[in-house]
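Q: I'm new to this structure and would like to learn how to read it. Could you walk me through some features, one at a time?

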Amino acid sequence: MGKALIIGCGGVASVAVHKCCQNSEVFSEIMIASRTKSKCDALKEKLKDSKTIIHTAQVDANNVDELIALINSFKPDVVMNLALPYQDLTIMEACLATKTHYLDTANYEPEDCPKFEYKYQWDYKERFEKAGIVGLLGSGFDPGVTGVFSAYAQKHHFDEIHYIDILDCNAGDHGYPFATNFNPEINIREVTAKGAYWENGRWVETEPLAVKRVYNFPEIGERDMYLMHHEEIESLALNIKGVKRIRFFMTFTQNYLTHLRCLQNVGMTSIEPIEYEGKKIVPLQFLKAVLPDPASLGPRTKGKTNIGCIFRGIKDGKEKNYYLYNVCDHQECYKEVGSQAVAYTTGVPAMIGAMMIIKGYWNKPGVHNIEEFDPDPFMDALNKWGLPWKESFDPELVD
Ligand code: NDP
């Protein structure tokens, strides 16, 4: 039925490719294109029994002309950008030039400026609209499912949502002293940045990881969680009418934080290039090279993730609380697709987002954040494709 070009072949892309192949009725043909073609070929080999026809290619996604040539040769219905946030704009340019639908899972960041900001991609709205193509921003879990959950709560449970707390708990243990669950460079840039939340129409900034709460997560138990800036806060503040406050919390163990503090103190998390033996290197990129590859954590990681949103607002004149979340087991994910749950919870929604576009359920031209579309078909697909959601009408609240 449909053709998808998947750019990138890391942890998240690997899950998305597995899921597209499980869903061969929709994804009859895919192309995996990345910087290192051997990784694409190895993945293709693993999935050689799939009904989906798989092609592979080498591409430098920083190069718009190369991307245009690749898109013109394969003619996909949609391009799934599962490379890094640095490549968002070049891939969007190529989609514009070829009039091809686009989706990603992380917002654009210039390499030298670690900051969440949708401005760069929202600037493409009019051009995408004129070209008649969909640009779906943030089709992972957070951003992604958290936006779909918000649209669903808005549509079915509230007249007005006043407070949203997004809680991201990873209670998995990979047995290494220190490793990150997705791309280390992107992950550490995010964690070491200042915190921020949205309140009464403005941003409130906090020092990095300065606001801590303890939360008793369903099916996991009590964990320390820390307030962070996260990209979906910016779009939800615009798209959920009447919202007064949006916060994002992520859990970290004391062990992770001690290692991170130590690496920061010695300068290893810096993105400022330094001179080393006559060559410029970026300390954080060097650190990435010595840390375990997140794609290799699958067999070792045990435990669960719980990611969701707590909504508070008004329905029929009465105050209402509502918690929507998904619990995912690292080992179950590994058994199914050979990856841990952080890659799984991102790769599955990427496949579902592409399916929404291919099936024409989501066909509004322009550049849109995920909560701008009808959440219902996506919510059904989450239950079907491995990320069933649960709800509570009496959740523990975060103070
Ligand atoms: P990885 O580092 O595992 O994979 C990135 C892939 O992109 C690699 O295969 C890499 O190639 C490829 N790549 C990098 N640069 C280029 C380039 N110039 N041209 C072509 N290919 C390139 O990252 P993850 O899979 O962990 O993460 C992928 C994306 O998902 C990131 O943007 C991340 O921020 C996002 N993410 C989103 C989440 C969400 O919930 N929304 C959660 C987790 C991640 P090579 O193999 O050669 O290095």
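A: Sure. One term before we start: helices and strands here are DSSP runs, numbered from the N terminus, with at least four residues for a helix and at least two for a strand. Keep in mind, too, that this is a predicted model.

Q: Let's use those labels, then. Where does Pro143 lie?

A: Pro143 lies in the loop between β6 (134-137) and α7. Here's the general idea for looking at its backbone: most residues other than glycine have a negative phi, and most peptide bonds are trans. In this structure, Asp142 and Pro143 are joined by a cis peptide bond, with omega at about 10°.

Q: And phi? What is the phi of Lys99 near?

A: Lys99 has a phi near 55°, which is a positive value in a residue other than glycine. You'll find Lys99 in the loop between α4 and β5 (101-104). Its relative accessibility is 56%, so Lys99 counts as exposed.

Q: Leu209 also caught my eye. Is Leu209 buried or exposed?

A: Buried: the cut-off is under 20% relative accessible area, and Leu209 counts as buried because its relative accessibility is 19%. Leu209 sits in the loop between β9 (202-206) and β10 (212-217). Its phi is positive, near 55°, and Leu209 is a residue other than glycine.

Q: How about helix pairs? At what angle do the axes of α3 and α4 cross?

A: The general idea first: two packed helices are described by the angle between their axes and the distance between the axes. For α3 (residues 64-74) and α4 (residues 88-98), the axes cross at roughly 45° and come within 9 Å. The two helices α3 and α4 are therefore oblique to each other, and their crossing is right-handed.

Q: Which residues of α3 and α4 meet there?

A: From α3 come Val64, Leu67, Ile68, Ile71 and Asn72, and they meet Thr90, Ile91, Glu93, Ala94, Cys95, Ala97 and Thr98 in α4. Sorted by class, the contact of α3 with α4 has eight nonpolar, three polar and one charged residues.

Q: Let me try another pair. How do α7 and α14 cross?

A: The axes of α7 (residues 145-156) and α14 (residues 376-384) come within 9 Å and cross at roughly 120°. That makes α7 and α14 oblique to each other. This time the crossing is left-handed. In α7, Val145, Val148, Phe149, Tyr152, Lys155 and His156 meet Asp376, Phe378, Met379 and Leu382 in α14. By class, the contact of α7 with α14 has seven nonpolar, one polar and two charged residues.

Q: Can we zoom in on one residue? What does the side chain of His156 make a polar contact with?

A: With the side chain of Asp376, at 2.8 Å. His156 has its place in helix α7, and it counts as partly exposed because its relative accessibility is 35%. Now compare sequence with space: His156 and Asp376 are 220 residues apart in sequence, and their C-alpha atoms are 9.8 Å apart.

Q: One more residue, please. What does the side chain of Thr251 reach?

A: It reaches the backbone nitrogen of Asn170, at 3.1 Å. Thr251 is found in strand β12 (residues 245-251) and is buried, with a relative accessible area of 9%. Leaving aside residues up to four places away in sequence, Thr251 touches Asp168, Cys169, Asn170, Phe217, Arg223, Asp224 and Met225.

Conventions:
Residues numbered from 1 in each chain as written. Predicted model: local features only at pLDDT ≥ 70, side-chain atom pairs only at ≥ 80, totals over all residues. Heavy atoms only, no water. Axes fitted to C-alpha atoms, helices over the stretch in contact; angles between N-to-C directions. Parallel < 35°, antiparallel > 145°, perpendicular 65-115°, else oblique. Left-handed = near helix turned anticlockwise from the far one by under 90°. Contact = heavy atoms within 4.5 Å. Nonpolar A, V, L, I, M, F, W, Y, C, P; charged D, E, K, R; others polar. Buried < 20%, exposed > 50% of the residue type's maximum accessible area, 1.4 Å probe, protein only. Polar contact = N/O pair within 3.5 Å; in protein donor to acceptor, adjacent residues only side chain to side chain.
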